[in-house]
Structure formats: structure tokens, C-alpha cells
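Welcome! Please open the structure in your viewer and keep the selection tool at hand, and we will go from stop to stop together.

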Amino acid sequence: MGKFDGRRVVVTGAGSGIGYEISRLFLAEGGEVVAADRDPRSVPPGSFPVKVDISSPDEIDQLRKSAYELLGGVDILCNNAGIGSTTSILEATVEEWDRVFAVNARGTFLCMKSFLPGMLEQKFGVIVNTASVAGMIGLRDRASYSASKGAVVALTKQAAVQWAAAGIRCNCVCPGTVDSPWVERLLQQAEDPDAYRAELTARQPMGRLAEPTEVAKAVLYLASDDAAFVTGAELVIDGGILAS
Ligand SMILES: NC(=O)c1ccc[n+]([C@@H]2O[C@H](COP(=O)([O-])OP(=O)(O)OC[C@H]3O[C@@H](n4cnc5c(N)ncnc54)[C@H](O)[C@@H]3O)[C@@H](O)[C@H]2O)c1
């Protein structure tokens, strides 16, 4: 018997990295998964791929309709899709700020807004958002990204309080640097990829990057009945960054 037998799950950003692992682990534990991504060609086998740009209200509406047709309802929503930026306030353009916020903050807001009414109607729902330690502490050259992830942390807590007594739990995970295709892209852009990897690694007291599955396991914990009394939490998975 799987821990998520009969649970109907939507995961955004399911085509790569952390979202892929979240979807894979839910499937392994008996969940039915709609794997949403702007490029859904590489979602885990056994999931239902749905193409969506989470910054678009119309596309989110279509995602909800598809998820309801495929699963008959939604119990668990993992807002994981996100994009990065590597600039300070001085270098960041208004366009970059808007682009990062449109996906990370507005996309998370839109998905919650779209799926919450069904959860409230069935008096059960779990939301797990992927934020970041960048939303909790200052990191160099992450102005738009940090602010957008700070918004995700705040929205998580706001929603948790709003619907705590209505059967809805809402939490977020705050990863440090995770060895996903995202980081590979960052390294490729760096002048000296090896030196940059060493810098990212040294920032984490455990002396290594996280594996995507280590973050996914924390998401599954928050989505499970083991976390039945947990809402509004920021679960930090950072190898010790915040403690240092
Ligand atoms: N990798 C890290 O070090 C790290 C650290 C902290 C937090 N995070 C967060 O974890 C989440 C997943 O990151 P990852 O490392 O797996 O990255 P990734 O780039 O490997 O995967 C992100 C996925 O999201 C999808 N996506 C991006 N924009 C989208 C949009 N507008 N609509 C739909 N799908 C979209 C991409 O197609 C991709 O499949 C992100 O929210 C990221 O901010 C990552």
C-alpha cells in the first residue's frame, strides 16, 4: 500500500529537477499525478503531462480543467515551477523583475487561486510551495529572485492562516542549492564553472549540493498525513546555511 494511494496530485515544473522527483515519488507511493510544465515532454512515466505556462491566468484555468477531467478532483497541489535571476538591484532590469515575479510569485498565486475553491468545497487540500533560502536570507546577486521567493514564503503563511480551520494546509520548502539542471545552466554561464561550483558548495556547511530527491522527500512529508498538524511552515533543506 502506498502512502498516497487515491490522492490526486498536481505538480508544476514536473519536467525537470525537483519537480520531476516530486512527481516520481508521488507516483511510487500510489498517487495520481498531473505533471504540469511549460515543456512537459520529459515528465515521469505514469504521470499525465499537461503543458502550461503558470504565469498565464488562462493557461492555469485550462490546467485546472484538465486536472479535473483527468483526476476527478485535486487533493494536493505542489507549486514548484520557478525561474532564476542572477543580478543585483543595480543590474536587474524592470523587465527581468517582472518576468521573475510573473512566474515565481504570480504563478504560485494563480495556481492557489485556481485550485483552492475545489479544495474548500471538499474540505480537504494540501498545498506545498517551493520557495528558497533566498526568500529568507540575503544572497549576493539574487535581487528579483530573492524578492519573488520571499513573496512565496509570505503567501504560504497567509494562506495557511486563512484556511487553517477549513481543512486546508499550506506549507513551503526552502532549499539551498540543489544539483538540478537549473544549477547546470548557472554553471555553464559562469566564467569559471568549477570555481563557481566550489563557491556554491562551500556556502553549504555540509560541503555538498542537495540532490533533487532530498527536496522532493521533504515535499512529500509536508503533503502527507504525517504532517497533519503542520501548516504555515518553512521547511529548510539547505545543508546548514541558515544555521551558520
Ligand atoms: N536548484 C536550486 O538550487 C534551487 C534552490 C532553491 C529553490 N529552487 C526552486 O525549486 C524549483 C524547481 O527548480 P529546479 O532546480 O528543479 O529547476 P529546473 O530548471 O530543473 O526545473 C524547473 C522546471 O520548471 C519549469 N518551468 C519554468 N517556468 C515555467 C512556467 N512559467 N510554467 C510552467 N513551467 C515552468 C521548467 O520548464 C522546468 O521543467 C524552482 O521554483 C526553484 O526556484 C531551486
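Which of the residues around the ligand come nearest to it? Select the ligand and its surroundings: of the 29 residues there, the nearest are Ser 16, Asp 37, Tyr 145, Ser 180 and Arg 185. Before you zoom in, please keep in mind that this is a predicted model.

**Stop 1: the ligand and its polar contacts**

Keep the ligand selected and add Ser 180. An N or O atom in the side chain of Ser 180 is 2.5 Å from an oxygen atom of the ligand. Now add Lys 149, where an N or O atom of the side chain is 2.8 Å from an oxygen atom of the ligand. For Val 52, show the backbone too: a polar backbone atom of Val 52 is 3.3 Å from a nitrogen atom of the ligand.

How much of the ligand does the protein bury? Taken alone, the ligand exposes 820 Å², and the protein buries 95% of that.

**Stop 2: Ser 132**

Next, select Ser 132, which has its place in the loop between β5 (125-130) and α4. Is Ser 132 buried or exposed? Ser 132 counts as buried, because its relative accessibility is 6% and the cut-off for buried is under 20%. A polar atom of the Ser 132 side chain lies 2.9 Å from the backbone nitrogen of Ala 134. Leaving out residues up to four places away in sequence, Ser 132 touches Tyr 145, Lys 149, Val 173, Cys 174 and Pro 175. You have already met two of these names: Tyr 145 is among the residues that come nearest to the ligand, and the side chain of Lys 149 makes a polar contact with a ligand oxygen.

**Stop 3: aromatic pairs**

Now show the aromatic side chains. How many aromatic pairs are there? The count comes to three, and we will visit two.

Begin with Phe 4 and Phe 26, an edge-to-face pair with 4.8 Å from centre to centre and 80° between the planes. This pair links distant parts of the chain, 22 residues apart: Phe 4 is in the segment before β1 (8-12), and Phe 26 is in helix α1 (residues 17-28). Phe 4 is buried at a relative accessible area of 3%, and Phe 26 is buried at 0%.

Then move to Tyr 145 and Trp 182. Their ring centres are 5.7 Å apart and their planes are at 55°, so this pair is tilted. Tyr 145 lies in helix α4 (residues 143-162) and Trp 182 in helix α5, so the pair ties together parts that are 37 residues apart in sequence. Tyr 145 counts as buried, at 10% relative accessibility, whereas Trp 182 counts as partly exposed, at 26%.

**Stop 4: the two sides of α5**

Stay with helix α5 and select residues 181-189. Which residues here are buried? They are Val 183, Leu 186 and Leu 187. They cover an arc of only 95° around the axis, which puts them on the same side of α5. Turn the helix around: on the other side, Gln 188 and Gln 189 are exposed. To see what the buried residues of α5 pack against, add α6 (193-202) to your selection.

**Stop 5: along α4**

Return to helix α4 and pick Leu 155. At 26% relative accessibility, Leu 155 counts as partly exposed. What is in contact with Leu 155, leaving aside its neighbours within four places in sequence? The contacts are Thr 108, Phe 109 and Met 112. For a longer view, select Met 1 as well: C-alpha to C-alpha, Met 1 and Leu 155 are 34 Å apart in space, and they are 154 residues apart in sequence.

**Stop 6: two positive phi angles**

Finish with the backbone. Most residues other than glycine have a negative phi. Where is Lys 123? Look in the loop between α3 (94-122) and β5. Phi of Lys 123 has a positive value, near 55°, and this residue counts as exposed, at 64% relative accessibility. Asp 141, in the loop between β5 and α4, also has a positive phi near 55°. Asp 141 is partly exposed, with a relative accessible area of 33%.

Note on methods: Residues numbered from 1 in each chain as written. Predicted model: local features only at pLDDT ≥ 70, side-chain atom pairs only at ≥ 80, totals over all residues. Heavy atoms only, no water. Buried < 20%, exposed > 50% of the residue type's maximum accessible area, 1.4 Å probe, protein only. Helix = DSSP H or I, 4+ residues; strand = E, 2+ residues; numbered from the N terminus. Arc of directions from axis to C-beta. Contact = heavy atoms within 4.5 Å. Near = heavy atom within 4 Å. Polar contact = N/O pair within 3.5 Å; in protein donor to acceptor, adjacent residues only side chain to side chain. Areas by Shrake-Rupley, 256 points an atom, 1.4 Å probe, with all protein chains shown as cover. Phe/Tyr/Trp six-rings, centres within 6.5 Å; stacked < 30°, edge-to-face > 60°.
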